[in-house]
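Thanks for coming. I have one structure to walk through today, and I will keep to what the coordinates show.

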Amino acid sequence: KLMGGNEFRLLMITSLWVKGIPMEMRNSISFHDHFCPGVTSGFYIVEFLKNDFLLAKDESYYVIASPQWCKDDAIQTILNTTVGKRSLAAIPLNDADKRCLSEQAKNVAGIYFKHNRANKTSTGVVLAFDWDKIRTDAGIKSSQQKSPPSETVNLAGFMFENLKNYKKYVSAIKEFSLKDGEMPEDYARVGVNPWKRLGLWNEECEGTK
């Protein structure tokens, strides 16, 4: 390793830099430390939110990052939804938890709220990201866990070049409105399972929280 183990990071960012990228993407990649398919999926989700879950006057986003992956660094950087601004909460899901999600939520990519703090009204959407479809479209044949570096570079490049097609890979699983008096933060409180609250949890699942 001639570059202190940073060879892959340099290869990924160089492959993107030559294509030309907007500043908000540079910032999110810098924050995440490297360019990869995971952080690029966050760009797709941001595109969906900006175009299909657009903020109205006096509204702001609140994000529940669950399950967590690289996407969340891009989302909070571009949308300015950070923990310090009380606009992002992270709720981990391990493999056992993911098996408890309903079939409808198998590709889940987080819960997103639009909240008006003036009149205390909120709407939400649960989004999915279809990794299988985008990998197939990019010509990737190996499993996600066993992809060689060359395939990872190719997938990230394909994703960057096809951002305008975000609707092919990001979809809404469920849209909902909060009841009077409810806040987005209520879905992320200690002891609350937001997936169960949204009806996307298998009640018969062993170890239900």
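Start at N80, just after helix 4, where phi is positive at about 60°. This is a predicted model, so take that angle as a computed one. As background, most residues other than glycine have a negative phi, and most peptide bonds are trans.

The helix that comes before N80 is helix 4, residues 71–79. Is it enclosed or open? Seven of its nine residues are buried, so helix 4 is largely enclosed by the rest of the structure. The buried ones are K71, D72, A74, I75, Q76, I78 and L79. And what covers them? The cover includes helix 2, helix 3, strand 1, strand 2 and strand 3.

Take helix 3 out of that list. Helix 3 and helix 4 pack at an angle of about 45°, and their axes are 6 Å apart. That angle makes helix 3 oblique to helix 4, because it falls neither under 35 degrees nor in the range from 65 to 115. The crossing of the two is right-handed. On the helix 4 side, the residues that meet helix 3 are K71, A74, I75, I78 and L79. Helix 3 brings G38, V39, S41, G42, F43, I45, V46, L49 and K50 to that meeting.

Helix 3, residues 37–52, also packs with helix 7, residues 149–161. Here the angle is about 10° and the axes are 9 Å apart. Helix 3 and helix 7 are therefore roughly parallel to each other. This crossing is left-handed. From helix 3, the contact uses P37, T40, S41 and Y44. From helix 7, it uses T152, L155, A156, F158, M159 and F160. S41 is worth marking on your printout, since it is listed in the contact with helix 7 and also in the meeting with helix 4.

Next, helix 2, residues 23–32, which is part of the cover over helix 4. Which of its residues are buried? They are M25, S28, I29 and H32. Those four cover an arc of only 100° around the axis, which puts them on the same side of helix 2. M23 and S30, on the other side, are exposed. After helix 2 comes D33, with a positive phi near 95°.

Now the sheet. Five strands form an open sheet, in the order 2-1-3-4-5, with mixed pairing. The edges are strand 2, at 88–90, and strand 5, at 170–177, each of which pairs on one side only. From one strand to the next, the twist averages 20°.

Strand 3, residues 108–116, runs antiparallel to strand 1, residues 59–65, and six bridges join them. Two of the partnerships are easy to find: Y61 with K114, and V63 with Y112. On its other pairing, strand 3 is joined by seven bridges to strand 4, residues 121–129, again antiparallel. There, H115 has S122 as its bridge partner. How well covered is strand 3? Nine of its nine residues are buried.

Strands 3 and 4 make a hairpin with four residues between them. K120 sits in that turn, and its phi is positive, about 55°, although K120 is not a glycine. It is exposed, with a relative accessible area of 55%.

At the start of strand 3 there is a loop from helix 5, and N107 lies in it. N107 is partly exposed, at 26% relative accessible area. N107 and F129 are 22 residues apart in sequence, yet 5.6 Å apart in space, C-alpha to C-alpha. Leaving out residues up to four places away in sequence, N107 touches L127, A128, F129 and D130.

Two loops remain, one on each side of strand 1. Between helix 3 and strand 1 is D58. Its phi is near 70°, positive in a residue other than glycine, and at 52% relative accessibility D58 counts as exposed.

Between strand 1 and helix 4 is P67. What kind of peptide bond joins S66 and P67? A cis one, with omega about -5°. The chain then goes on to helix 4, and just after that helix is N80, with its positive phi. That is where we came in.

Key. Residues are numbered from 1 along each chain as its sequence is written. This is a predicted model: local features need pLDDT of at least 70, side-chain atom pairs count only at pLDDT 80 or more; totals for chains, interfaces and linings use all residues. Side-chain values use heavy atoms; hydrogens and water are left out. Two strands pair if DSSP finds at least two bridges between them. Axes are lines fitted to C-alpha atoms, for helices over the stretch in contact, and angles run from 0 to 180 degrees between N-to-C directions. Buried means under 20% relative accessible area, exposed over 50%, partly exposed in between (1.4 Å probe, protein chains only). The arc is that of the directions from the helix axis to the C-beta atoms. Angles under 35 degrees count as roughly parallel, over 145 as roughly antiparallel, 65 to 115 as roughly perpendicular and the rest as oblique. A crossing is left-handed if the near helix is turned anticlockwise from the far one by less than a right angle, and right-handed if clockwise. Contact means heavy atoms within 4.5 Å.
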